[in-house]
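Trainee: Could you take a close look with me at a single part of this model? I would like to see the side of one chain that touches its partner, and the helices that build it.

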Amino acid sequence: MNTNEQEKRLLEKAKSLLSEAAENLDSQTKKRLERIRLDALTTVERPGAKFFLPPRWITASAFVTAAIAGVAIFFWLRASPGNFPGKQAEDFEIITSAENIEFYENLEFYRWLATKENGS
Amino acid sequence: MNIRDKVNQFLTHVERRAFKMAKYATGNVDEALDLVQDAMFGFVRHYTNRPEDEWNVLFYSILRSRITDWYRRAFVRKRVLSWVTRANDSEDEGDPIQDVPDTRTLNAFEDILRHEELLALEKAIQMLPLRQQQAFLLRVWEEMDVKQTAFVMGCSEGSVKTHYSRAVHTLRGLLEDIRS
């Protein structure tokens with residue numbers, strides 16, 4: 001028998017023995033393998049479900065965009081506190097008016113003066 | 001037959017061989033089962049939409065990758081432990097995967113071995129460096145051709161031929177020694 005034939009017989013024998021060993025696993029290992037397989041199968045998607053799923057890069061881009069938009073809205077709302085002086089139309093008029101700002105600074109005094117005059 | 005049934009059938013077909021392959025590499029039942037689990041989940045998540053004739057190669061590619069990762073972690077763990085305990089001051093060089101010390105017990109198969117020939121063969125396979133072991137098992141057991149084996153192992157076809165040739169040569173020598 002030459003070397004090639006010896007090698008061929010060795011490999012055939014090896015394959016046969018290995019297959020036999022795999023088939024004759026102990027029952028506990030077989031059960032654990034079955035459990036692993038069944039667990040893995042729960043993640044198999046239903047046929048057609050994949051079709052409607054966007055590619056991963058689109059999902060990732062959408063997530064990043066949504067996150068940036070969320071942060072932008074957060075800062076926008078923080079930068080718009082409720083006591084913003086130009087919130088109401090009358091305040092807006094004051095801001096845009098070209099009249100002397102000192103008049104408005106003393107507005108309370110003038111109002112008090114007017115009530116005193118009307119009262120007297 | 002729906003996709004779930006097809007995947008179930010495929011995984012049933014490969015699970016025991018995959019487990020044995022992982023066990024030859026790790027020498028540990030629990031580690032081997034963990035690796036098979038990782039490979040199955042990875043396969044189901046990413047590759048079941050691929051043509052069925054590619055499944056075998058893709059599955060073993062994932063398993064091989066997981067085994068290699070396990071070897072790297074085992075190597076680092078071993079190195080750190082040896083450094084901490086100062087048990088070994090020598091510097092290892094070369095391929096870290098192939099140089100990982102064999103910590104596996106040869107008696108780990110006693111409960112499943114049926115006869116002396118199988119024991120001898122499995123011992124011999126365990127003694128092979130990881131890449132030779134993988135090349136041998138994929139080529140002989142899974143009957144993959146050189147191209148498929150190269151894809152699974154992530155190396156060139158030339159490397160596969162070299163690993164496989166060395167594996168067969170080593171096995172022949174080891175089995176003769178054991179039998180004599």
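Mentor: Happy to; here is a walk from the contact as a whole to two of its helices. Keep in mind that the model is predicted. The contact draws 33 residues from chain B and 25 residues from chain A. On the chain B side, the elements giving two or more residues are α1 (3-26), α2 (29-46), α4 (116-127), α5 (130-141) and α7 (157-179). Of these, α1(B) supplies the largest share, with 11 residues. Sorted by class, this side of chain B holds 16 nonpolar, six polar and 11 charged residues.

Now to α2(B), one of those contributors. Its 18 residues should span 26 Å at 1.5 Å a residue, and its end C-alpha atoms are indeed 26 Å apart, so the two values agree. The buried residues of α2(B) are Ala32(B), Leu35(B), Val36(B), Asp38(B), Ala39(B), Met40(B), Phe43(B) and Val44(B). To read that list, recall that an α-helix has 3.6 residues a turn, so residues three or four places apart point the same way.

Next comes α5(B), another contributor. Here 12 residues should span 16 Å, which agrees with end C-alpha atoms 16 Å apart. This helix is mostly covered, with 10 of its 12 residues buried. The buried stretch includes Leu130(B), Ala135(B), Phe136(B), Leu137(B) and Leu138(B), and also Arg131(B) and Arg139(B). Just after α5(B), Glu143(B) adopts a positive phi of about 55°.

Key
Residues are numbered from 1 along each chain as its sequence is written. Chains are lettered from A and ligands numbered from 1 in the order in which they are written. This is a predicted model: local features need pLDDT of at least 70, side-chain atom pairs count only at pLDDT 80 or more; totals for chains, interfaces and linings use all residues. Two residues are in contact if their C-beta atoms, placed from the backbone, lie within 7 Å. Helices (H or I, at least four residues) and strands (E, at least two) are DSSP runs, numbered from the N terminus. Ala, Val, Leu, Ile, Met, Phe, Trp, Tyr, Cys and Pro count as nonpolar, Asp, Glu, Lys and Arg as charged, and the others, Gly among them, as polar. The expected span of a helix is 1.5 Å times one less than its number of residues. A residue is buried if 20 or more other C-beta atoms lie within 10 Å of its own, exposed if 12 or fewer, and partly exposed in between; C-beta atoms are placed from the backbone.
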